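User: I'd like to learn how to read the features of a protein model step by step. Could you walk me through this one?

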Amino acid sequence: TEDTDLTLRLILSGYRVRYDISALDYEQAVTTLVKYRKQRYRWAFGHQQVWRDYLRPSWRTSHLSLLEKIETTMFLWLYHVPVATFFSFFAIPYLFFGIGIAPPEWILVLVPILMLGPFLPIAVGLLQTPDARPRHAWMIGILLPVIIAFAFTCAHSWFNGVRGKGYQWAKTARSAQT
């Protein structure tokens, strides 16, 4: 989150930022679901805050071309897509059972995209990994509960951010030196 904030500050100050595919970042993974949820909440809350702080300045700056402004908006939208996924869950009872108020037609198109979206990069990664086997593709389905939980976590942080609720920093505790 701090990296995103710093990157936007640099861009808005006129500096150029380039993506380096060879850059490596070593992290220690969280070891429990509770820590995973807290970490993802912190990431979502922070990125959504950067969205609220820098979206308008990104579009008003003369340092970015129109294409760069669109790219920056898409980058900042990263932790809002799971929020849209969360809202799309409310269309599922109508889609499958005809229960509730009919959502607008564009939502009916959006629901499958939002539900399948997280699986596409994973599927592409499986196809591009030399040691991946097609018979392992079923394991992607195991991620469905994680993706649903992530959508709820991002929506929770979004609601808190919109309401102006403060956030108490919850740094992920490390269990070993790296």
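Analyst: Happy to. Let's start with one side chain: at 42% relative accessibility, Phe-152 counts as partly exposed. Keep in mind that this is a predicted model.

User: Which residues does Phe-152 join in a cluster of ring pairs?

Analyst: Ring pairs link Phe-152 with Phe-86, Trp-158 and Phe-159 into a cluster. The structure holds six aromatic pairs.

User: How do I read a single ring pair?

Analyst: A pair of aromatic rings is described by the distance of the centres and the angle of the planes. Take a pair in helix H2 as the first case. The ring centres of Tyr-41 and Phe-45 are 6.0 Å apart and the planes lie at 20 degrees, so this pair is stacked. Tyr-41 and Phe-45 are four residues apart in helix H2, which means about one helical turn separates them. Both Tyr-41 and Phe-45 are buried.

Now go back to the cluster. For Phe-86 and Phe-152 the centres are 4.9 Å apart and the planes are at 85 degrees, so the pair is edge-to-face. Because Phe-86 lies in helix H4 (residues 81-88) and Phe-152 in helix H8 (residues 144-162), the pair ties together parts that are 66 residues apart in sequence.

User: Is Phe-86 buried or exposed?

Analyst: Phe-86 counts as buried, because its relative accessibility is 11% and the cut-off for buried is under 20%. Its partner Phe-152, at 42%, is partly exposed. Another member of the cluster, Phe-159, lies in helix H8 and is partly exposed too, with a relative accessible area of 34%.

User: What separates the C-alpha atoms of Phe-159 and Val-83?

Analyst: A distance of 9.4 Å, with their positions 76 residues apart along the chain. You can set beside that Ala-155, which is also placed in helix H8. The C-alpha atoms of Ala-155 and Val-83 are separated by 4.7 Å, and these two residues are 72 residues apart along the chain. Ala-155 counts as buried, at 1% relative accessibility.

User: How many helices and strands does the protein have?

Analyst: Eight helices and zero strands. Read from the N terminus on, the elements run α-α-α-α-α-α-α-α. As for burial across the protein, buried residues make up 29% of its 178 residues.

User: Let's turn to charges. How should I think about salt bridges?

Analyst: Side chains of opposite charge can pair when their charged atoms come close. Here the structure holds two salt bridges. In one of them, Arg-9 pairs with Asp-5, and the closest N and O atoms are 2.6 Å apart. Arg-9 and Asp-5 are four residues apart in helix H1, so about one helical turn separates them.

User: Why does Asp-5 count as buried?

Analyst: Because its relative accessible area is 18%, and buried means under 20%. Arg-9 counts as partly exposed, at 49%, since exposed means over 50%.

User: Which residue forms a salt bridge with Glu-68?

Analyst: That is Arg-16, and the closest N and O atoms of the pair are 2.3 Å apart. This pair links distant parts of the chain: Glu-68 is in helix H3 (residues 66-76) and Arg-16 in the loop between H1 and H2, 52 residues apart. Arg-16 is exposed, with a relative accessible area of 59%.

User: What about surface patches? Which residues gather in the patch of negative charge?

Analyst: Glu-2, Asp-3, Asp-25 and Glu-27 gather there, on the surface. Take Asp-3 as an example: it is found in helix H1 (residues 2-12) and is exposed, with a relative accessible area of 61%.

User: And which residues make the nonpolar surface patch?

Analyst: Leu-6, Leu-10, Tyr-15 and Val-17 make it, and its area is about 380 Å². Of these, Tyr-15 lies in the loop between H1 and helix H2 (33-60). Tyr-15 counts as exposed, at 54% relative accessibility.

Note on methods
Residues are numbered from 1 along each chain as its sequence is written. This is a predicted model: local features need pLDDT of at least 70, side-chain atom pairs count only at pLDDT 80 or more; totals for chains, interfaces and linings use all residues. Side-chain values use heavy atoms; hydrogens and water are left out. Patches are made of residues with over 30% relative accessible area and no salt bridge: like charges are joined within 9 Å, nonpolar side chains (Val, Leu, Ile, Met, Phe, Trp, Tyr) within 5 Å. Accessible areas come from the Shrake-Rupley method with a 1.4 Å probe; for residues, only the protein chains shown count as cover. A salt bridge is a side-chain nitrogen of Lys or Arg within 4 Å of a carboxyl oxygen of Asp or Glu. Lys and Arg count as positive and Asp and Glu as negative; His and the chain ends are not counted. The place of a charge is taken as NZ of Lys, CZ of Arg, CG of Asp or CD of Glu. Helices (H or I, at least four residues) and strands (E, at least two) are DSSP runs, numbered from the N terminus. Buried means under 20% relative accessible area, exposed over 50%, partly exposed in between (1.4 Å probe, protein chains only). Rings of Phe, Tyr and Trp (its six-membered ring) pair if their centres lie within 6.5 Å; planes under 30 degrees apart count as stacked, over 60 as edge-to-face and the rest as tilted.
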